[in-house]
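Reader: Got a minute to go through this one with me? I'd like to start with the empty space inside.

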Amino acid sequence: MEPKPAAEDLGGPEWEQALIKTMRLRGLLWRTEYSYRSWARRFAHFILPKSPYAASGEEVQKFLTDLAVQGRASASGQRQALCALVFLMQEALGRDLGQMDFKRATPRVRVPVFLSHDECRRLFAQLSGTHRLMAELAYGAGLRLMELLRLRVHHLDLERRQLHVKGGKGDKDRITVIPEILVPHLREQLERLRPLHEEDRRIGLPGVWLPDGLEKKFKHAGVRWEWQWLFPSREASRDPASGIVRRHHTLDGAFQNAVRRAAAAAGINKRVTPHVFRHSFATHLLDGGTDLRTVQELLGHADIRTTQIYLHCMKKPGLGVRSPLDRGGP
């Protein structure tokens, strides 16, 4: 059975209804709503037979500690749970959690997986059409997966070779580069989209999704050319939040599968996901002499320490240190 659209799904228990109402009043994205509801349900099950209405900061602390100790959650997973429960308890249910002291999940420092220049070329050669353009743009501009999928026509400034990333991680905007080699291909992509846009308007298909604030301020913007997705889906589908049948952007799973198959066909013995293109972008820029602060701005990192992890991936980490074996060995 197809699940009800979010507009009709107002939750079960009273606490969940309060959470959903508050999230929608605040205009949270559908993915955020889905995540917060999942964590809230796990917490509600954890404190049974109590209701979240009767819970306190102590129960939240126990849940977060259990995630770290028994569930062996990652630091990022625990932070996500904390954000969800603070929103549930304080924003939706009006309960003050006070100061909380819980066992923090140990952050794990991982060296990012990245591709060499040759591996990138081999992988791109295994892709064609729109998927190749998407992969090359993700690599050439250092985009996260959802930043790539949510690109709209007006985010491209082909004259200045600039790409405007709107509502990236942390709901932050930034400007990054458009590779000059991709400019003619992006122009061709726009030309291919024109007839699709005109056909959607001819048959009266509702406009593309817009964030709540824009939807209210510019009611008809969704049908205008500049707001169309740069990489739209082939078929219209039902919006999970409103239930409206409209054209969405390409599904993340479809692109992820295409990249995975291409990596296998290229004989790359690494775990390759679309995010690897972003890691490769940062590593290759640093290898080419771009300063760390510039790379930080292009990636949209709030803290330069996040960008510094790519120093471990460089051909010559540190100050061009050579291995003693290269100097003649023992």
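Reader: Which residues line the largest cavity?

Author: This is a predicted model, and in it the largest cavity is lined by Leu 193, Leu 196, His 197, Asp 200, Val 208, Gln 228, Trp 229, Pro 232 and Arg 247.

Reader: What's the split of that lining by class?

Author: The lining of the largest cavity has 5 nonpolar, 2 polar and 2 charged residues.

Reader: And how much space lies in there?

Author: About 60 Å³. The count comes to 1 cavity of 30 Å³ or more.

Reader: OK, pockets now. What volume does the second largest pocket have?

Author: About 1300 Å³. There are 47 residues in its lining, and those closest to the centre are Trp 209, Trp 229, Pro 240, His 248 and His 249. Trp 229 also lines the largest cavity.

Reader: Which elements give two or more residues to that pocket lining?

Author: Helices H1 (14-25), H2 (30-46), H6 (129-141), H8 (183-202), H9 (212-217) and H10 (252-265), along with strand E4 (237-238).

Reader: How many of the lining residues there are charged?

Author: The second largest pocket has 14 charged residues in its lining, next to 21 nonpolar and 12 polar.

Reader: Switching to strands: what's the order in the open sheet?

Author: The order is E1-E2-E3, with antiparallel pairing. Strands E1 (156-157) and E3 (174-177) are the edges, each pairing on one side only.

Reader: How many bridges join E1 to E2?

Author: 2 bridges, with E2 covering residues 162-165. Leu 156 stands opposite Leu 163 in E2.

Key:
Residues are numbered from 1 along each chain as its sequence is written. This is a predicted model: local features need pLDDT of at least 70, side-chain atom pairs count only at pLDDT 80 or more; totals for chains, interfaces and linings use all residues. Side-chain values use heavy atoms; hydrogens and water are left out. Two strands pair if DSSP finds at least two bridges between them. Helices (H or I, at least four residues) and strands (E, at least two) are DSSP runs, numbered from the N terminus. On a 1 Å grid over the protein atoms alone, a cavity is a set of points where a 1.4 Å probe fits but cannot get out, and a pocket is an open set with protein on both sides within 12 Å along at least five of seven lines; lining residues have an atom within 4 Å of a point. Grid points are joined across faces, edges and corners, and a volume is the space filled by probe spheres set on the points. Ala, Val, Leu, Ile, Met, Phe, Trp, Tyr, Cys and Pro count as nonpolar, Asp, Glu, Lys and Arg as charged, and the others, Gly among them, as polar.
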